[in-house]
Amino acid sequence: MSSSSMRRSTPDSHDFPTRPYDLVKEFVVALLAVTLLTVALAAVFSSPDERAITFRGWATAAPEDVVATAAGELAGTTTSATYGAPYNHASPGQSVLGIPLQRWGGVGLPLSSADLVLDPLSGVTGDTALASALTQWRAAASDQRTAWATAYSDALAAAPGGDPAAVSPGDYGPVPVLAQGLLTLAASGGLEGALTSAGTFYGGDQTRSLLLLSDGAYLEDRAVAQKLGGDQWGMMNETGDYPGQPWMWLYTFWYQVKPFSTSENADAQVWALMMLLTLGLMLVPVIPGLRSIPRWIPVHRLIWRDFYRNQRRT
């Protein structure tokens, strides 16, 4: 074929009909449509955007809980103080079939509960009463410290509404001043910065902040009010009982049934069960009987029906 005939056989773009097309207008219309659809879907299906809990909010909403938590940390009776690994050796921790998994994990984040109170207060300046209380605490023997803090914790529990101002007189040493100092620091908004430190330049480790918050009753009360408690399927919910991560239902399901719902080793037991189920899923192709289920229930033939229909024809 000659080059001239090839040129004649090539369609000329000008031979086709054309029409005006405003690309900018098309883009703007599409953007507005998607924006309106996004806003509408977000209004219908989104969950509430709750503000983060802060120490200042805790001190404002439940000051007596802050004081009680500070006393408990100094007495060594809070959850974090008695938790065991990875924070301390206070307890053997959770186990499965007698295997001490938590203890085997070791103490990777050594932490004294009293440090959650003393370390932030050590950075406070200009408060002579607090400085004197810190000096008295550090100079006392370990047994004396525990006796002071335990006595004050008991007195707070016996006071009407846990009000520190209604505590009966007693030998509490410097504990009331230390607990009140932590409350003042929390109310000022300075406690977050004092606790949030990972030993790095940026200081982004929230471990100590979360431990102190969880040792009090305020965080748990807020969680239960938002339907996020462990017995409320909270692990897979958003705030306000809105549906959250549906893929976590299998994990959180076990916490709702016995023996897991009443076991002190529930976390380790549920973890072990989920590992076993995951292993079973991975080994489906080699487990006799289980691997034959697709042949007994041929759902795949329904999905790939066109393929199998063509196979029969050939």
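The legends below describe close-up views of a predicted model.

Local features are reported where pLDDT is at least 70, and side-chain atom pairs count only at pLDDT 80 or more, whereas totals for chains, interfaces and linings use all residues. Residues are numbered from 1 along each chain as its sequence is written, and side-chain values use heavy atoms, with hydrogens and water left out.

**View 1. Crossing of helix 6 and helix 9.** Helix 6 (residues 115-122) and helix 9 (residues 175-188) have axes that come within 10 Å and cross at roughly 65°. Helices are DSSP runs (H or I, at least four residues) numbered from the N terminus, as strands are (E, at least two). Axes are lines fitted to C-alpha atoms, for helices over the stretch in contact, with angles from 0 to 180 degrees between N-to-C directions. The two helices, 6 and 9, are therefore roughly perpendicular to each other (65 to 115 degrees; under 35 is roughly parallel, over 145 roughly antiparallel and the rest oblique). The crossing of helix 6 and helix 9 is left-handed, that is, the near helix is turned anticlockwise from the far one by less than a right angle, clockwise being right-handed. Helix 6 contributes Leu116, Val117, Leu118, Pro120 and Leu121 to the contact, and helix 9 contributes Leu178, Gly181, Leu182 and Leu185; contact means heavy atoms within 4.5 Å. By class, the residues joining helix 6 to helix 9 are eight nonpolar, one polar and no charged (nonpolar: Ala, Val, Leu, Ile, Met, Phe, Trp, Tyr, Cys and Pro; charged: Asp, Glu, Lys and Arg; polar: the others, Gly among them).

**View 2. Crossing of helix 8 and helix 9.** The axes of helix 8 (residues 142-158) and helix 9 come within 9 Å and cross at roughly 65°. Helix 8 is therefore roughly perpendicular to helix 9. Trp148, Ala149 and Tyr152 of helix 8 meet Val175, Pro176 and Ala179 of helix 9 in this contact. The contact of helix 8 with helix 9 comprises six nonpolar, no polar and no charged residues.

**View 3. Surroundings of leucine 74 in helix 4.** At 6% relative accessibility, leucine 74 counts as buried (under 20% relative accessible area; exposed is over 50% and partly exposed in between, with a 1.4 Å probe and protein chains only). Beyond its neighbours within four places in sequence, leucine 74 is in contact with Ala114, Val117, Leu118, Trp137, Ala149, Val175 and Leu178. Leucine 74 and leucine 118 are 44 residues apart in sequence, and their C-alpha atoms are 8.6 Å apart in space.

**View 4. Valine 167 in the loop between helix 8 and helix 9.** Valine 167 has 15% relative accessibility and so counts as buried. Residues up to four places away in sequence aside, valine 167 touches Tyr152, Ala155, Leu156, Ala159 and Tyr172. Between valine 167 and glycine 108, 59 residues apart in sequence, the C-alpha to C-alpha distance is 38 Å.

**View 5. Aromatic side chains.** Rings of Phe, Tyr and Trp (its six-membered ring) pair if their centres lie within 6.5 Å; planes under 30 degrees apart count as stacked, over 60 as edge-to-face and the rest as tilted. By this rule there are nine aromatic pairs. The ring centres of tyrosine 83 and tyrosine 87 are 5.9 Å apart and their planes stand at 50°, so this pair is tilted. Tyrosine 83 is partly exposed, at 34% relative accessibility, whereas tyrosine 87 is buried, at 17%. One aromatic cluster is formed by Trp233, Trp249, Phe253, Trp254 and Phe260.

**View 6. Cis peptide bonds before proline 86 and proline 259.** Alanine 85 and proline 86 are joined by a cis peptide bond with omega of about 10°. Proline 86 lies in the loop between helix 4 (63-75) and helix 5 (101-105). Another cis peptide bond, with omega of about 5°, joins lysine 258 and proline 259. Proline 259 is found in the loop between helix 13 (249-253) and helix 14 (266-282).

**View 7. Positive phi at leucine 97 and lysine 227.** Leucine 97, a residue other than glycine, has a positive phi near 55°. Leucine 97 belongs to the loop between helix 4 and helix 5 and is exposed, at 86% relative accessibility. For lysine 227, phi is likewise positive, near 65°. Lysine 227 lies in the loop between helix 12 (218-225) and helix 13 and is partly exposed, with a relative accessible area of 40%.
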